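Student: I would like to learn how to read a model like this one. Could you take me through it?

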Protein chains: 2
Amino acid sequence: MFSFDIHHTERRSRAAVFHTPHGDVLTPVFMPVGTQATVKAIAPRDLTELGATMILGNTYHLYLRPGDELVARRGGLHQFMRWNNPILTDSGGFQVFSLSEMRKIDDQGVTFKSHLDGSMHRLTPEKSIKIQENLGADVIMCFDECPPPTDHEYNVISMARTHAWAERCKAAHTRTDQALFGIVQGGVFRDLREESARAINALDFLGHGIGGLAVGESKEAMLATIEWMDASLPEHKPRYLMGVGEPTDLINGVARGMDMFDCVLPTRLARHGAAFTHTGRINMRNKAFEEDDQPIDPGCACYACTTFTRAYIRHLLHVEEILGLYLMSLHNVHFLIQLMGEIRQAILADRFETFATGWLARYGGTGTTA
Amino acid sequence: MFSFDIHHTERRSRAAVFHTPHGDVLTPVFMPVGTQATVKAIAPRDLTELGATMILGNTYHLYLRPGDELVARRGGLHQFMRWNNPILTDSGGFQVFSLSEMRKIDDQGVTFKSHLDGSMHRLTPEKSIKIQENLGADVIMCFDECPPPTDHEYNVISMARTHAWAERCKAAHTRTDQALFGIVQGGVFRDLREESARAINALDFLGHGIGGLAVGESKEAMLATIEWMDASLPEHKPRYLMGVGEPTDLINGVARGMDMFDCVLPTRLARHGAAFTHTGRINMRNKAFEEDDQPIDPGCACYACTTFTRAYIRHLLHVEEILGLYLMSLHNVHFLIQLMGEIRQAILADRFETFATGWLARYGGTGTTA
């Protein structure tokens, strides 16, 4: 039901296809995030037009609203949100650990306060898997702890817990139409990352998430860690660099053997008025665009860019019209999906390294230090 | 460049086509309102899919932001918002008079405070026409005063001012690719309405707006007034019942010889969670719909209804996702455009009266007393 076929590699970069019950995912792939059973502001038919294949759902949010059991009674998340293509759900761990003051962790699981009404809830590896089975995504993730990346001592303790939880997740998982991915932790420390990779590999998951990155560590530390992961994880299984969506990080991740990426960045930036362009990010609220009759990103093929001017979109953002958020979201998501498509074609043609160098140079200073 | 051809009548109802420089408008027509150069939450391509032909722009809002001169430099409103179909702009009068405490009227015009920043502005008949020429809509409206409908004494004074302003608007109007419509006022008083119709008719506009209704008067008074207007206005010119969009009012208006309608109701209701259905309005936030797998309005052909369940849309509204507002807006606008299409077909087949009776009975108690 699941397989991962690598079509071509160029140095460490890989062009592959990941087969899932809801269709094939060409990798490298950027997965838009649909936190609350919708990619913010974008309808499923628009996602299809943008070329999205696999999208994310968030276990923490969907467990609270509308509730995973309600979703199960509606036929699962695909049916509920009318996305008949692949879906991946996270484990809820990242969100719960982001609550900081509102959660308490022990070896069995995490007790936390809902950010909505302060009600108390508990997530355990078994509960996370049960929720994810109710949601019914094609790929589900092990419940893990996401610790501060630069605290070695704490990462030793936390990693051991993540490994124990991974075993429990695997034992709890019953649905054969879902691929369970393990998650490697270990902060920015080579010894811990390699130990974590060995422990997680031993459980023989169908794919691997690289967790705990893009959460405040330096760009150099992140890239070094990804390289250790590339060297430690089996080649023939997909590698999912969790929570990463900055264009330069996507390119640098692919160059270091990563296959899957997700991030709220394109839709979040859109709501703040920032747009990706081939020469870097621009803020569309800027007065400089008031009478600019160019598209957001000249050459871009998305509906926003082939139809509207910067002047019009700036106006929409300025007067707080929903259409502005919609067009910005469309464009930013399209930008990352388009980038991944170009990356894949470049790998297939053995010109990814050239492509990456040119692309990063054009994108400029908002690149590796962003 | 403009003509109004009546294809068929059934009693007082009329099926016609209104030719404009940006295309034909089949009437009776409901015109979605695009206050700030966008129909709220709906992209132009979606409007086309919904069957929208003519849409509205608001002079007051566009004058303030982004400014009519900026729009003119962008090539006009059609070009700015990428709506290459007919547009009608109001005169700004209604919005300015709605500011109540923030405006001061004299016979020359109105001085008002911007609702945005308190800055002082002045609208006169000449200024309103100038702004509307800058915006470049196919149909533009005379600057009129919109008085409280039940104050006879004030309506006498106000009406005379509206008539004098209509003359000045006509004199100020220079663009031959725009049809200028006169507006009849006179509150809910037969003598005043008939006098106003005579005065406005005498200026030989290309069409007539019926102003000052649906602003708090009784439904009976509104319908009676429309009947007087029908009897007083020339048959061969379009009649535009301004600001009316409740489904029952559309049917009752068509039955009384009205051709054009506009209202923010469908998009405003959408943002409040209320949906039109063939059996009356429903509030989609209602807990009753939590696990309802039907579409918003069974039988409806819009994207929202052919794709999603009430349960899903309720969830989106509940968690305040933009997609919820989008789908609700699509549905409500579709509902009114679809209704007008069915009305037109019924008139052409001499079965409008039967259609109207059946439709209103099914729609139920939210009808004529809504």
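Tutor: Happily; we will look at confidence, then the chain contact, then a pair of helices. Keep in mind that this is a predicted model.

Student: What is the mean pLDDT of chain A?

Tutor: For chain A the mean is 96, and 98% of the residues reach 70 or more. The model as a whole scores 0.97 for ipTM and 0.97 for pTM.

Student: Where in chain A is the pLDDT below 50?

Tutor: Here is the general idea: where pLDDT is low, predicted coordinates should not be read in detail. In chain A, the pLDDT is below 50 over residues 366–370, a stretch that has ten contacts in the model beyond near neighbours in sequence.

Student: How many residues does each chain bring to the contact?

Tutor: In general, the size of an interface is often given as the accessible area lost when the parts come together. Here we can count residues instead: 29 from chain A and 29 from chain B. On the side of chain A that touches chain B, α3, α4, α13 and α14 of chain A each supply at least two residues. Of these, α13(A) gives the most, with five residues. By class, that side of chain A has 16 nonpolar, five polar and eight charged residues.

Student: And at what angle do α8(A) and α9(A) pack?

Tutor: The angle is about 30 degrees, with the axes 10 Å apart, and the crossing is right-handed. From α8(A), Arg190(A), Arg193(A), Glu194(A) and Ala197(A) meet Thr225(A), Trp228(A), Met229(A) and Ser232(A) of α9(A). That contact has three nonpolar, two polar and three charged residues.

Key
Residues numbered from 1 in each chain as written. Chains lettered and ligands numbered in written order. Predicted model: local features only at pLDDT ≥ 70, side-chain atom pairs only at ≥ 80, totals over all residues. Contact = placed C-beta atoms within 7 Å. Helix = DSSP H or I, 4+ residues; strand = E, 2+ residues; numbered from the N terminus. Nonpolar A, V, L, I, M, F, W, Y, C, P; charged D, E, K, R; others polar. Axes fitted to C-alpha atoms, helices over the stretch in contact; angles between N-to-C directions. Left-handed = near helix turned anticlockwise from the far one by under 90°. pLDDT = per-residue confidence, 0-100.
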